[in-house]
Every structure is written in structure tokens, then in C-alpha cells.
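Please look through the sequence and the model below, and keep both at hand while you read the explanation that follows.

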Amino acid sequence: VSLHPYSGEAAPPRFGDHEAHRHWMEVTVNLPMREWYAYDLDYWGLDYPPLMAYAEWLLGHASRLVDPASVALDASRGYETPGHRAFMRGTVILCDALFFVLPLALLHGRLLRRRTRRAGHCDADDQSSSSTSSVLLRMTEGHGALASLAVAVLSPAPILVDHGHFQYNCVPLGLTLWTAYAVATDRPCVAAACFSLACNAKQTALYFAPAVFFELLAGCWTDGPEGSSTQTVAGSVQRLARVGATTIATFGACWAPLLAGGGAFDCARRLFPVDRGVFEDKVGNVWYAAQVVFRARDRLDQSTLVAAAAALTFATAVVPCAAAAWLRVVRSPKKRRRRRRDADFLKALHVSALGFFLCSYHVHEKAILVPLAPLLAYRFSTRSFFSLRDAYVVGFHVAAAFSILPLLCFERLRLAYAATMVLFAVLLDAVFFSTGHVAKSSSSALVSMTWLFRGASLAFAGLHAAPLVVAPPTRFPDLFHALTALGSAGAFGLAYLLALADLLLGDDEPPSPGDEDRRAPGTTTTTTTRAKAE
């Protein structure tokens with residue numbers, strides 16, 4: 001995908017996001033910190049939080065070592081050479097591996113270790129189990145974890161945006177995945193630090209803020225010492241104080257250089273561009289749909305739109321996360337042990353981010369990567385065949401990529417989109433309809449689901465072929481792109497309702513072996529009970 005055009009390639013005078021990041025490297029390595037957020041704002045003024053500005057400074061110095069002309073102040077505007085293109089693309093690949101793929105591998109590797117250990121526990125409890133069934137169980141468990149990781153790494157939307165369009169979304173989203181890993185391993189202060197870094201890398205990480213805030217807050221009251229499910233008032237206050245101090249210290253460390261250098265005020269002013277409108281381009285959310293149907297953006301003044309967006313975002317993102325946290329706190333310790341805390345947290349992250357994407361102010365179509373990110377850590381079923389949650393996650397992967405199609409067409413990335421989508425479909429066909437994954441499924445279910453998936457894939461491909469066969473009306477040249485955005489808005493709206501129901505009303509997730517090890521003394525779990533839980 002990196003060999004395809006990037007945003008604004010050979011398109012002066014402003015080019016695109018590739019030039020924006022190159023220009024920020026140019027600015028940060030040549031100017032004092034107080035001018036970073038104030039220099040020539042009409043030409044890609046820096047509008048990312050401090051941590052990303054420091055990253056641009058570091059990458060800028062690396063670029064200067066490789067090719068000094070690439071960061072020459074003012075003279076390097078629109079700089080495009082094959083060597084510098086390779087350098088820029090390489091920085092995204094490196095950041096993707098370190099910040100994004102690594103926590104994904106840890107999350108899914110943790111699943112593989114736990115599932116294999118659980119299989120060993122089942123064999124020890126069930127003296128009648130054969131060695132053949134034990135080997136088959138381990139194979140299907142490992143297949144599920146590896147399939148989940150493969151689907152996550154090859155999801156089309158993140159690849160097309162970061163490596164095609166050109167951005168560094170892998171940094172804030174990866175730091176959020178590190179947050180999820182810290183929550184899963186019961187390290188609340190590490191989680192607070194990682195999420196604080198994510199917010200200081202890109203402001204869209206705030207989409208996750210309600211879920212993270214209420215998760216850490218509820219954890220202070222429900223997670224006792226040594227893995228118990230109770231907590232004293234003094235212990236809760238101490239834990240909350242540690243989390244709060246970690247958050248303040250992390251934010252302070254990120255902003256201290258700017259405060260000392262005199263650029264903090266300009267940075268804060270640049271982070272939330274209210275004057276850029278309630279949405280940008282053809283984004284599949286509530287506000288774009290309201291503009292098409294009711295002309296809402298034209299009829300309402302800016303202050304009304306800001307207030308309405310804030311109210312809707314509070315209702316769709318903050319309230320559900322608060323309700324989920326409250327249900328966790330009031331749940332009995334026995335029921336609390338039956339829940340997979342990491343799975344519940346990923347659900348809350350997804351609902352919170354999707355609520356922001358649908359209803360918040362100034363949303364770009366690329367922001368769909370934010371609610372998609374928690375689903376990348378989803379663990380596909382290993383004992384059942386293509387569950388409803390599996391279908392939801394796969395559908396969201398596809399819908400996210402489809403929703404950014406207008407942007408990709410504008411940037412000449414149609415071929416890259418088609419290739420990644422076909423590769424993803426082939427991958428899904430391989431991991432879900434292979435013998436190992438459905439070893440316990442009946443042949444009739446296998447045949448039915450196989451042909452249903454392949455038929456849906458062909459129908460989806462036919463939908464893409466429609467603009468090539470039927471020309472849009474002269475009066476509405478962007479009709480198909482507008483229909484893509486409207487269809488995506490409807491799909492994401494339905495997805496939000498399903499995700500919200502799963503967060504608040506969904507069945508309990510089976511406990512992990514780590515959770516089983518922390519059971520109350522004297523309790524036992526039989527093989528039959530484990531099988532029913534699965």
C-alpha cells in the first residue's frame with residue numbers, strides 16, 4: 001500500500017497530510033519551541049498535542065541526517081523525492097510495529113497462553129479425556145488467537161489511512177491498546193500513564209476518555225489487594241490517588257517543555273478548531289446525515305451546533321460508560337468474578353469512541369479508526385462457529401474501510417483499497433471456514449455459513465461496481481460518494497445500538513484462567529461447568 005500515492009502527492013500548492021507532517025518536522029527542527037504552534041498557520045499550522053510535536057522534532061532530526069534538504073526552512077515546501085518518500089513511509093511502518101502491532105500481539109498472545117493453560121486444566125479435571133481430544137482442543141484454541149491477530153493486523157482501514165493516505169494514527173491508537181493491556185493485567189497506574197500519552201499524541205484519543213475514566217474509577221472501588229473482589233474505603237482512596245497522581249504527572253511531563261518554552265497557550269488554542277465546522281468531508285455520522293436530509297449545518301448557528309453535539313456526545317458516550325461502571329460496582333463479588341474485565345473494557349472503549357464519532361463536533365471520516373481500534377483486540381470464538389460477536393466485529397472492519405472510500409478515491413487509492421479488501425476477504429474465508437476452526441461444527445453449518453459469507457462478499461463487490469456501470473446525474477456528481485457516507489452512517493448507527501446492548505445487557509464472558517486462579521477459597525469448577533460457560 002505504501003507504494004501507492006499518498007495524500008496530496010504532486011498536488012500543489014498545499015499538497016496534503018504527507019506534506020503537513022513533513023512541514024511539522026521542518027518547523028520543529030528549525031524554530032524555537034515558542035514558534036511551533038504560531039508559525040505560518042495558513043500553511044499546515046501545527047495542530048497536534050505536544051507529544052506528537054516532540055515526535056515530529058525527533059523524526060525531523062532523523063530526516064535531516066538522511067536528507068538535509070527535506071527539512072530546510074521554507075525552501076523544502078512540497079519536497080518530494082523517492083528517497084524522502086521512502087523515509088517517510090518507513091517512519092510510519094516503524095511506529096506501527098512499535099506502538100500498534102506489539103500491543104496487539106501481546107493481547108492476543110496473552111489469550112493464547114491462557115487458553116492453552118485452560119485446556120490443561122480441563123484435561124486434569126476430566127480423567128476420561130483422550131490425548132487426541134486434548135491436542136485438538138489446543139489446536140483450535142491456538143488457531144482462534146492467531147486468527148484474531150491476523151485479522152487485526154490486516155484490517156484494511158488502518159493500513160489504508162496510515163500507510164496509504166499517510167498519518168500516524170498508529171501512535172495514539174497503539175498507546176490506547178497499551179492501556180487496554182495494562183487494564184487486563186491489573187496495572188491501573190500504567191494504564192493511566194499510557195492513556196495520558198495517547199491523549200497527548202492526538203486529540204481524537206479523547207474519544208476513549210469516558211471509558212478509561214470510569215474503568216479506572218470503578219477499579220479503585222472493586223479491585224482489592226491480591227486479586228480479591230473487595231476493597232476498603234482507605235484502599236480505594238489510596239488507589240485513586242495513585243492513578244490521579246500518575247495522570248497529572250504524565251500530562252505535566254508532556255506539557256512542561258512547552259510551558260518552559262512559551263508555546264503552551266498557542267498549542268491549547270490550536271487543539272480544538274471549532275471554526276472548522278461540525279464535520280469534514282463525507283463522514284458517515286449523524287451530522288453529515290442531518291446536513292443531507294435537513295440542511296442542519298446551514299440552518300443552525302455554530303454555538304447551537306456545538307451545544308447540540310456536546311449534549312448528544314454526552315448521552316451516547318459518557319452515560320453508557322458510567323452505567324456500565326455502575327453495574328460493575330453494584331454487582332456482587334461472585335458475579336464480578338464471572339466477567340472478563342478486559343473484554344468489558346474493550347466494549348466500553350468501542351461504545352465510547354463510536355458515540356463520539358457519530359455525534360461529536362468536527363469529525364473527519366478517518367476518525368472511524370478510533371472506534372475500530374478496540375475491536376482489533378477482539379478474540380474470535382474458538383469453541384463455537386462464527387458467533388454473533390464475530391459477525392459484528394468482521395462487519396465493522398468492512399464497514400470502516402467502506403466508509404472512507406470517498407477519501408481513497410479522491411487520493412487515487414482505489415487499487416490499494418480493492419487489493420486490501422480482497423486480501424481481507426480471502427483471510428476471513430481461510431480462518432473462519434478452515435477445518436481447524438470449525439472442527440466441532442456440523443458439516444451443514446459449515447456449508448451454510450461458507451456460502452453465506454461468499455455470497456455476501458460477491459454482493460458487496462457488486463455494490464462497488466455500480467458507479468462504474470451507472471454514471472451519476474450531472475446535477476449530483478458526488479451522488480455515489482454521498483450515498484456511501486449515508487449508508488455508512490446508517491450502518492454505524494445500527495452498530496452503536498448493538499454495541500450498547502452488548503455492553504449493558506450482554507451475556508457474561510467466560511473467566512480467564514487468571515481469573516479462575518483468584519476464585520474465592522473453597523470453590524471449584526467442574527469440566528461440565530466450564531463447558532457450559534464456553
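**A walk through the predicted model**

Thr176 is buried, since its relative accessible area is 2%, and buried here means under 20%. As you look for this residue, bear in mind that the whole model is a predicted one. Thr176 belongs to helix α6, which covers residues 170-184. Leaving aside residues up to four places away in sequence, Thr176 touches Ala198, Phe208 and Leu349. One of these contacts, Ala198, lies 22 residues from Thr176 along the chain, and the C-alpha atoms of the two are separated by 6.2 Å.

From this buried residue we can turn to the charged side chains. Side chains of opposite charge can pair when their charged atoms come close. A search of the whole structure finds 15 such salt bridges, and a few of them are worth following one by one.

Arg328 forms a salt bridge with Glu215, and the closest N and O atoms of this pair are 3.0 Å apart. The pair links distant parts of the chain, for Arg328 sits in helix α13 (residues 302-330) and Glu215 in helix α8 (residues 209-222), with their positions 113 residues apart in the numbering. Are these two partners buried or exposed? Arg328 has a relative accessible area of 10% and is therefore buried, and Glu215, with 9%, is buried as well.

Another salt bridge joins the side chains of Arg77 and Asp74, with a distance of 3.5 Å from N to O. Arg77 is partly exposed, with a relative accessible area of 30%, and Asp74 is also partly exposed, with 37%. Both values count as partly exposed because that class lies between the 20% limit for buried and the 50% limit for exposed. Arg295, in turn, forms a salt bridge with Asp298, where the closest N and O atoms are 3.2 Å apart, and Arg295 is partly exposed at 41% relative accessibility.

Salt bridges can also involve more than two residues, as Glu19, Arg22 and Glu26 show, since these are linked in a network.

Glu19 leads us on to the last feature, a space inside the protein. How many cavities of 30 Å³ or more are there? The count comes to one, and the largest cavity has a volume of about 30 Å³. Its lining is made up of Tyr6, Ser7, Gly8, Phe15, Gly16, His18, Glu19, Tyr79 and Glu80. Sorted by class, this lining has three nonpolar, four polar and two charged residues.

Conventions: Residues numbered from 1 in each chain as written. Predicted model: local features only at pLDDT ≥ 70, side-chain atom pairs only at ≥ 80, totals over all residues. Heavy atoms only, no water. 1 Å grid on protein atoms, 1.4 Å probe; cavity = no way out; pocket = protein on both sides within 12 Å on 5 of 7 lines; lining within 4 Å. Points joined across faces, edges and corners; volume = space filled by probe spheres on them. Nonpolar A, V, L, I, M, F, W, Y, C, P; charged D, E, K, R; others polar. Salt bridge = Lys/Arg side-chain N within 4 Å of Asp/Glu carboxyl O. Buried < 20%, exposed > 50% of the residue type's maximum accessible area, 1.4 Å probe, protein only. Helix = DSSP H or I, 4+ residues; strand = E, 2+ residues; numbered from the N terminus. Contact = heavy atoms within 4.5 Å.
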